[in-house]
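Let's take a walk through this protein together, starting from the whole chain and ending at single residues. Keep the structure open beside you as you read.

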Amino acid sequence: MTQYLTAIPATRENFAAYGDVVCAHDGAFISANQGTAQRYNHVATCTNKRETDQPSVPKANPNLCVFRCKPATQIPFPIKLLERHPNSSQCFIPMACGRPSRGYLVIVALNGKDDRPDLNTMKAFIFARNQGVNYGAGIWHHPMVALEELTDFGCIVWENKVPEHDCNIVEIGGDYKTYVPGYRAASPDPKL
């Protein structure tokens, strides 16, 4: 039997259990750049647990990279796997790439007692093009899902090149799909 999630717009409040919505907000800011900008500090928690929780684990370094993501060709979107970075937060910031997207899909779940995703906590969010996502360390999430348009994401994550320290991937089994209200599937095989 297919189980459906419905993606909802992400807010700082409704996403807090999974990480951070990265954006300018109504909070305090500092005037910057000779008064031509507002600087919002500490909009996400950047975590590298290897340095504090596991001093015997090889040192990790920040990796600033770019993901170029093809848009989803199926909506409702099928969920087949989730991944986590057990020792690091992972932050994605959308960047303009051709026609800017209206938004992207984020699917998350908390860790269960069996050290696998707790599918009862799985939720789907629509992030706007002016919002970044910062997954907390150990939060299960689907790989990035661009909607309607090819999308580049700047990403920062701490890695030590030991696969089991950097990323865990599990197939979730079952038939899970996500409705994404207001979005359409892209045509198959968009060029990268």
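**The chain as a whole**

For its 192 residues, a compact globule would have a radius of gyration near 16 Å, and the chain has 17 Å, which agrees. That radius is taken over C-alpha atoms, and the globule rule is 2.2 Å times the number of residues to the power 0.38. Along the principal axes, the C-alpha atoms of the chain fill a box of roughly 50 × 45 × 35 Å.

Please keep in mind that this is a predicted model, in which local features need pLDDT of at least 70 and side-chain atom pairs count only at pLDDT 80 or more, while totals for chains, interfaces and linings use all residues. Residues are numbered from 1 along each chain as its sequence is written, and side-chain values use heavy atoms, with hydrogens and water left out.

How confident is the predictor? The pLDDT gives its confidence in each residue, from 0 to 100; the chain has a mean of 90, and 94% of its residues reach 70 or more. Among the elements, helix α1 (residues 49–52) has the lowest mean pLDDT, 72, and strand β12 (residues 140–141) has the highest, 98.

The chain has 2 helices and 15 strands. Both kinds of element are DSSP runs numbered from the N terminus: helices are H or I with at least four residues, strands are E with at least two. Of the 192 residues, 46% count as buried; buried means under 20% relative accessible area, exposed over 50%, and partly exposed in between, with a 1.4 Å probe and protein chains only. Contacts (heavy atoms within 4.5 Å) reach across the sequence: among those between residues at least 6 apart, 83% join residues at least 24 apart.

**Strands and their partners**

Now look for an open sheet of 5 strands, in the order β3-β11-β8-β14-β6, with antiparallel pairing. The edges are held by β3 (19–22) and β6 (61–69), each with a single partner strand, so one side of each is left without a neighbour in the sheet. On average, neighbouring strands of this sheet are turned by 15° against each other, direction ignored; the axes behind such angles are lines fitted to C-alpha atoms, for helices over the stretch in contact, and angles run from 0 to 180 degrees between N-to-C directions.

Strands of a sheet pair through backbone hydrogen bonds, either parallel or antiparallel. Here, two strands pair if DSSP finds at least two bridges between them. At one edge, β3 and strand β11 (residues 132–135) pair in the antiparallel sense over 4 bridges, and you can find Val22 opposite Gly132 in β11.

Another pairing to trace is that of β7 with strand β15 (residues 168–179), antiparallel over 7 bridges. In this pairing, Ile79 stands opposite Tyr176 in β15. Because 6 of the 8 residues of β7 are buried, this strand is largely enclosed by the rest of the structure.

**Stops along the loops**

Is Ser88, in the loop between β7 (77–84) and β8, buried or exposed? With 1% relative accessibility, Ser88 counts as buried. A polar atom of its side chain lies 2.9 Å from the backbone nitrogen of Trp158. Leaving out residues up to four places away in sequence, Ser88 touches Thr47, Arg50, Gly136, Ala137, Gly138, Val157 and Trp158.

Glu149 sits in the loop between β13 (145–146) and β14, and at 15% relative accessibility it counts as buried. With the same residues up to four places away not counted, its contacts include Cys69, Arg99 and Arg184.

For contrast, turn to Ala96 in the loop between β8 (90–95) and β9 (103–109). Ala96 is exposed, with a relative accessible area of 67%.

**Backbone details**

Most residues other than glycine have a negative phi, and most peptide bonds are trans. Where does this chain depart from that? The peptide bond from Ile75 to Pro76 is cis, with omega near 5°, and Pro76 is in the loop between β6 and β7.

Asp115, in the loop between β9 and β10 (123–128), has a positive phi of about 60° although it is not a glycine. Asp115 counts as partly exposed, at 43% relative accessibility. Lys161 also has a positive phi, near 65°; Lys161 lies in the loop between β14 (151–159) and α2 (163–166) and is exposed, with a relative accessible area of 78%.

Definitions and conventions:
A polar contact is a pair of N or O atoms within 3.5 Å; within protein, one must be able to donate a hydrogen and the other to accept it, and residues adjacent in sequence count only if both atoms are side-chain atoms. pLDDT is the predictor's confidence in each residue, from 0 to 100.
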